[in-house]
Amino acid sequence: MMIKGKICHQDVNTMTAKETELQREMHEMAQKTTELQEELSGETNRLTGELQLLLEEIKSSKDQLKELTLENSELKKSLDCMHKDQVEKEGKVREEIAEYQLRLHETEKKHQALLLDTNKQYEIEIHTYREKLTSKEECLNSQKLEMDLLKSSKEELNNSLKATTQVLEELKKTKVCSLFFAS
């Protein structure tokens, strides 16, 4: 029995040593668990803070997104209004251009008709002046001929007068001579 008591005592010692070892390991594990819990708590607090910041950023981003969406909507409305105004203005400008082109075309037609009418009047006047000029030239030529005839007649008369004067002088001489001889 002694052997049995020794074995038992040894078993008890071994078991006590194992228990002490286990208690020490459990104490270390409890310390590590506490450290890990503190670390986990710190990490949780840090992550909670980061999460809170992210949530605030998300909220801020959502608010900014709402503002931007609202601003975008207002800009689209403004752009639509501007586009409508632009289309209306372009339509008015096109109408004005068409109206001005029509007026210009009508004015050009009137101007062309006026030019043609004025040219016809000038051509008629030129024709009339040419006829008058031709008539005057004919009259002038006729007067020239008449002057030439008158010059020729004058020369003939002068020649006749000279001849007559010579004949008269000869007659006078003859009469004077005959009166002289008759006396």
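## Nothing buried

Buried residues make up 0% of the 183 residues in this protein chain. Here, buried means under 20% relative accessible area, exposed means over 50%, and partly exposed is in between, using a 1.4 Å probe and protein chains only. Keep in mind that this is a predicted model, where local features need pLDDT of at least 70, side-chain atom pairs count only at pLDDT 80 or more, and totals for chains, interfaces and linings use all residues. Residues are numbered from 1 along each chain as its sequence is written, and side-chain values use heavy atoms, with hydrogens and water left out.

How much surface does the protein chain expose? About 17900 Å², and carbon and sulfur atoms supply 60% of it. Accessible areas like this come from the Shrake-Rupley method with a 1.4 Å probe; for residues, only the protein chains shown count as cover.

## One helix, stretched out

The secondary structure is quick to list: one helix and zero strands. Both are DSSP runs numbered from the N terminus, with helices being H or I runs of at least four residues and strands being E runs of at least two. Helix α1 takes in residues 2-182.

What about the overall dimensions? The C-alpha atoms fill a box of roughly 245 × 35 × 25 Å along the principal axes. The radius of gyration of the protein chain is 74 Å, while a compact globule of 183 residues would have one near 16 Å. That radius is taken over C-alpha atoms, and the globule rule is 2.2 Å times the number of residues to the power 0.38.

## What the record says

An unreviewed UniProt entry annotates residues 19-174 as "coiled-coil region". UniProt positions are given in the numbering used here, feature names are shortened, and annotations may be inferred rather than shown by experiment. In the model, residues 19-174 are 100% helix and 0% strand, and the C-alpha atoms at the two ends of that stretch are 213 Å apart.

## Charges and salt bridges

The protein chain carries 29 positive and 37 negative charges, and their mean positions are 10 Å apart. Lys and Arg count as positive, Asp and Glu as negative, while His and the chain ends are not counted. The place of a charge is taken as NZ of Lys, CZ of Arg, CG of Asp or CD of Glu.

Side chains of opposite charge can pair when their charged atoms come close. The structure holds six salt bridges, each one a side-chain nitrogen of Lys or Arg within 4 Å of a carboxyl oxygen of Asp or Glu. Which residues does Arg24 link up with in a network? Glu21 and Glu28. The closest N and O atoms of Arg24 and Glu21 are 2.1 Å apart, and these two residues sit three residues apart in helix α1, about one turn. On the other side of the network, Arg24 meets Glu28 at 2.5 Å, N to O, and being four residues apart in helix α1 separates them by about one helical turn. Arg24 has a relative accessible area of 39%, Glu21 has 33% and Glu28 has 35%, so they count as partly exposed.

Another of the salt bridges joins Arg46 and Glu50, with 2.3 Å between the closest N and O atoms. Arg46 and Glu50 are four residues apart in helix α1, about one turn of the helix. Both are partly exposed, at 40% for Arg46 and 37% for Glu50.

## A look at Cys81

Cys81 also has its place in helix α1. Is Cys81 buried or partly exposed? With 46% relative accessibility, Cys81 counts as partly exposed. Cys81 and Thr14 are 67 residues apart in sequence, and their C-alpha atoms are 94 Å apart in space.
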